[in-house]
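Colleague: Let's go through the sheets in this model. Please state your criteria as you go.

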Amino acid sequence: EEEEDEEDGEQAIKKFKDFSDAFGKTIKLGIIEDTKNRKKLAKLLRFESTHTKDGETVSLSRYVKRMKEGQKHIYYIAGENKKDLESSPFLEKLKKRGYEVLFMTDPIDEYAVQHMDEFEDHKLMNATKEDLKFGDKEEKKEKKRREKAKENLKDFIDWYKKVLGDKVEKIIISNRLTTSPMAIVTGTYGYTANMERLMKAQALNDPTRYSFMASKKTIEINPYHPVITKLNEKSQEDAEDSDTKELAIMLYDSAIIQAGFDIDDQTAFNQRMIKFLRQGLNIDESAGMADEPEDEPEE
């Protein structure tokens, strides 16, 4: 009987997977358009997550049932595929806490979820947006530590904001990073990198439409990372040092790429990379191209 029950369970999972593959997009469209049945349709959604094995998915109801003690919100991140999302710096603190994060890899996923404020009294929270909340006891302690770090790095933050200019809206101390030096997040109501990528593709060749959609960037820095502490030291030694400024911009560019945004000036980015490659290889800045060898005369 146990074997039969197990087979029945596997068959039910397979049948629902087939159903989800066939009608998943229709269900998500229903969540966007059918406000009356939105809660019912939400129960049919399935996503991969940090806690699922390859090929497996989890429902929102199942997610809620296995939430960690003290966890108040449902966390998700959207992108092109699970592999890239798993290594995202946005998940560092969530993983450390053992919180499950849903992976939304269907282009319609993030747009559909924006029409759902909560599920079973748990707020859905995008892990890539600013003002990430945990709602647990540890959060209050971390807030005090961040306030102290903010005060210690006040001059550095002012200097960095001046270096980047209008590239960013603000620079804040991160509450989500544990091993990365920096992350680029968007405002609560702004487009994430994933949404910006999708909307940019729809905008086609209309740059005015895209510039209207582009969101203001917020930098989150990890005050305990050695890269940040070293940059802080260098900026205090000489705030006008060109190499320090370029290192700061390169760090920003790397965070932009990791977040999934486009670099504003790719030519300048390439020139900075070549410059620091030359320095790393001890190649003099004045060193030019080697002479092209001449063809040997034919006998």
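Colleague: In what order do the five strands of the open sheet run?

Modeller: First, the basis: this is a predicted model, where local features need pLDDT of at least 70, side-chain atom pairs count only at pLDDT 80 or more, and totals for chains, interfaces and linings use all residues. Residues are numbered from 1 along each chain as its sequence is written, and side-chain values use heavy atoms, without hydrogens and water. Strands (E, at least two residues) and helices (H or I, at least four) are DSSP runs numbered from the N terminus, and two strands pair if DSSP finds at least two bridges between them. Pairing here is mixed, and the order is β1-β3-β2-β5-β4.

Colleague: Which strands are at its edges?

Modeller: An edge strand here pairs on one side only. That applies to residues 48-49 and 118-119, which are β1 and β4.

Colleague: Which residue of β5 stands opposite E118?

Modeller: β4 and β5 (residues 122-126) are antiparallel, over two bridges. Opposite E118 in β5 is K123.

Colleague: Why do β6 and β7 each have one side without a neighbour in the sheet?

Modeller: The open sheet runs β6-β8-β7, with mixed pairing. β6 (170-173) and β7 (182-186) lie at its edges, so one side of each lacks a neighbour, as each has a single partner strand.

Colleague: What is the bridge partner of I172 in β8?

Modeller: β6 pairs with β8 (residues 217-221) in the parallel sense, over four bridges. Within β8, I172 has as its bridge partner E220.

Colleague: At what angle does α12 run to β7?

Modeller: Helix α12 spans residues 242-259 and lies across β7 and β8. Contact means heavy atoms within 4.5 Å. Axes are lines fitted to C-alpha atoms, for helices over the stretch in contact, with angles from 0 to 180 degrees between N-to-C directions. To β7, the angle is about 55°.
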